[in-house]
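Trainee: I would like a close look at one part of this protein, its nonpolar core. Please take me through what it is built from and how it sits in the chain.

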Amino acid sequence: MSAQPDHIHALDIPIPETGELDEDLQKYFAICQEKLGIVPNVLRSYAVVPERLRAFIAMYNDLMLSETGLSKLEREMIATVVSSENKCFYCVVAHGAGVRELSGDPALGELMAINYRAADLSARQRAMLDFAVKMTQAPDTVEEADRQALRDAGFEERDIMDIASVSAFFNMTNRVSTALDRMPNPEYHAKAR
């Protein structure tokens, strides 16, 4: 028996089987299965509304996988820290696994999930995560001095836009996942340990 509830989300809405999805989504799920070894439960949950799933995929892929001034590890760090602030079980587990995998350091994944301030981070990473947390806790207090702190840490203007966008995306995703009681794939718990 696992401590984690045995559902993808807590709604009484049937989740379509992969074969019931449109061809483009079937192909995307097959790519996930091939590359990750799983189809993330967040995608399976969004499959209830295919248009919303497509929008989620497009935004996620743009923010998390495209070439930007932020490394993939830095983006996973933001996702994990924002999710930790929001106490989003799904995203802390999934993106904490991403930090562990990309960094090769299981302790770093745990520190991002629990208290990034205790981690041995570069000044750049600390500034980035401080900004993401401020956006999460008190977005109305973000001001020019906060953006300047990112510039002083070596971030370009586009990087600042990307930090803000990744932070905002995970604030939205955390709220939806928590409201629906989405559960992470059990495989994430053991990944990269």
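Mentor: What follows goes from the whole chain to the core and then to one residue in it. The model is a predicted one. The protein chain has 10 helices and zero strands, so its elements run α-α-α-α-α-α-α-α-α-α from the N terminus on. With a radius of gyration of 17 Å, close to the 16 Å that the globule rule gives for 193 residues, the protein chain is as compact as a globular protein of that length. Its C-alpha trace spans about 50 × 35 × 30 Å along the principal axes. Of the 193 residues, 43% are buried.

Now the core itself. The largest nonpolar core holds 50 residues. Leu-43, Ile-78, Met-112, Leu-129 and Phe-170 have the most contacts inside it. Two or more residues each come from helix 1 (23-36), helix 2 (41-46), helix 3 (50-65), helix 4 (72-86), helix 5 (89-103), helix 6 (106-114), helix 7 (123-137) and helix 9 (157-179). Helix 7 gives the largest share, seven residues.

Met-112 serves as the example. Apart from neighbours within four places in sequence, Met-112 is in contact with Met-77, Thr-80, Val-81, Ser-84, Val-99, Ala-119, Leu-121 and Leu-129. Leu-129 is, like Met-112, among the residues with the most contacts inside the core.

For the chain as a whole, 66% of the contacts with a separation of 6 or more are between residues 24 or more positions apart. As for the outside, the accessible surface of the protein chain comes to about 10,000 Å², and carbon and sulfur atoms account for 55% of that.

Definitions and conventions:
Residues are numbered from 1 along each chain as its sequence is written. This is a predicted model: local features need pLDDT of at least 70, side-chain atom pairs count only at pLDDT 80 or more; totals for chains, interfaces and linings use all residues. Side-chain values use heavy atoms; hydrogens and water are left out. Helices (H or I, at least four residues) and strands (E, at least two) are DSSP runs, numbered from the N terminus. The radius of gyration is taken over C-alpha atoms; the globule rule is 2.2 Å times the number of residues to the power 0.38. Buried means under 20% relative accessible area, exposed over 50%, partly exposed in between (1.4 Å probe, protein chains only). Contact means heavy atoms within 4.5 Å. Accessible areas come from the Shrake-Rupley method with a 1.4 Å probe; for residues, only the protein chains shown count as cover. A nonpolar core is a set of buried Ala, Val, Leu, Ile, Met, Phe, Trp, Tyr and Cys residues joined through side-chain atoms within 4.5 Å.
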